[in-house]
Amino acid sequence: DPQQLELATGGKRKLRRFIVIDEVVDELYGSKVREYFEENNVQHKILALPTTEETKSMDLVLNILQEVQNFSIDRRTEPIIAIGGGVCLDIVGLAASLYRRRTPYIRVPTTLLSYVDASVGAKNGVNFLQCKNKLGGYTPPVASFLDRSFIQSIPRRHISNGLGEILKMALMKHKGLFDLLKSHGKYLLDTKFQSYSGSAGHGDAALQTTRIAIETMLEELAPNLWEDDLDRLVDFGHLISPELEMRVLPSLMHGEAVNIDMAFMTYVAHARGLITAEEREQIIQCMRGLELPVWHGGCNWALIQRALIERLKHSGGQTRMPLPTGLGVAEIFNDTTEETLERAYKLWVRD
């Protein structure tokens, strides 16, 4: 908007920005971030915080808001900037949505998981009473800035963790993406999603996989941003994983818990006759190739039953279970019997 640009650059008031950055990211990139704002003559406050599932609470949101109030920002022209993983983006999004009822914010994801998942869509939130994201809202950011160079400094396990959410979109919507992950999964882990000119035989696998994952996610989320329709393919891997993830904290990361859920649901799809034994094995082998866990002792039959009861409570009395009906295609089912689930569970545990 030319008027806004003129106001921002031509006004007497100095540009000001409030930035919340994950403390680990701050150690790695904080000096570059500070240098950037200083070179651009921006008055700024950088708040470095521990943003983990264990600290993802209203207390941290209130801490941020106290600092925002002390710094004093214009609630229309001075967006809050969040630099970090998904937890950081969720917490800051909620804080911004509460401050003066809606203050704009910008997401800068620094992990693969947040790059393809938390950076997309409108949701934000915090954990409450040992329940994942029980408090939150729908306030989209004014922008998400995607820079894969952040990903080169995260551990291999975190890359694998992000691949879980990419695989989710592949299984639900895009056979081509599934094939990319099968062919280039190890390469993507080895190169940490960086693009190299000398990567003969791989094309730009990092750019292709992230772009397709985000595009397919947007296709699903954009028409249903506020979740008025509860039938959501993007819920694949998210029926049992919230219960599992919170129960075994901090032993499983989000994408790992999602993958364990997807592995079990792949067995459910096979038990229902929706996919062949060969397709089931292809999916499980792809998961293993991405170095994702396909089973966890904490995911017992009692936890699965409890998680599905919770699912019924917040999805309008129906399970709305997304299941693959082939590789890269899926449908939502409400009629999976307990007998089918138990049969799938026994086979999954056996294997």
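Which residues of E4 point one way, and which the other way? In this predicted model, Tyr105, Arg107 and Pro109 extend from E4 in one direction, while Ile106 and Val108 extend in the other. Residues on both sides of the strand are buried, since this holds for all of those named. With 5 of its 5 residues buried, E4 is largely enclosed by the rest of the structure, so a look at its surroundings makes a good starting point.

E4 belongs to an open sheet of 5 strands, arranged in the order E2-E1-E3-E4-E7 and paired in parallel fashion. At the edges of this sheet are E2 (43-49) and E7 (143-144), each of which pairs on one side only. Moving to the neighbours of E4, strand E3 (residues 80-84) pairs with E4 (residues 105-109) in the parallel sense, and 5 bridges link the two. Two of the positions along this pairing can be picked out: Ile81 has Ile106 of E4 as its bridge partner, and Gly84 stands opposite Pro109 of E4. The chain travels from E3 to E4 by way of helix H4 (residues 86-98), and the resulting β-α-β crossover is right-handed. E4 and E7 also run parallel, here joined by 2 bridges. Ile106 appears in this pairing too, standing opposite Ala143 in E7.

Helices cover parts of the sheet as well. Helix H2 (residues 23-39) lies across E1 (16-22), E2 and E3, and runs at about 160° to E1. Helix H3 (residues 58-71) packs on the sheet, where E1, E2 and E3 are touched by this helix; the direction of H3 makes about 165° with that of E2.

Attention now turns to the nonpolar cores. In soluble globular proteins, nonpolar side chains tend to be buried together. The largest nonpolar core here has 71 residues, and among them Leu167 and Phe264 touch the most other members. Helix H10 (residues 254-271) is the element that gives the most to this core, contributing 11 residues. Both domain 1 (13-152) and domain 2 (155-224 + 231-350) supply residues, so this core lies between the two domains. Leaving aside residues up to four places away in sequence, Phe264 touches Ile240, Ile304, Leu341, Ala344, Tyr345 and Trp348. There is also a second, separate core of 25 residues, which includes Val61, Ile80, Leu94 and Tyr99.

Technical notes: Residues are numbered from 1 along each chain as its sequence is written. This is a predicted model: local features need pLDDT of at least 70, side-chain atom pairs count only at pLDDT 80 or more; totals for chains, interfaces and linings use all residues. Side-chain values use heavy atoms; hydrogens and water are left out. Two strands pair if DSSP finds at least two bridges between them. Helices (H or I, at least four residues) and strands (E, at least two) are DSSP runs, numbered from the N terminus. Contact means heavy atoms within 4.5 Å. Axes are lines fitted to C-alpha atoms, for helices over the stretch in contact, and angles run from 0 to 180 degrees between N-to-C directions. Buried means under 20% relative accessible area, exposed over 50%, partly exposed in between (1.4 Å probe, protein chains only). A crossover is right-handed if, with the strands pointing away from the viewer, the path from the first strand over the helix to the second runs clockwise. A nonpolar core is a set of buried Ala, Val, Leu, Ile, Met, Phe, Trp, Tyr and Cys residues joined through side-chain atoms within 4.5 Å. Domain bounds come from an automatic or database domain assignment.
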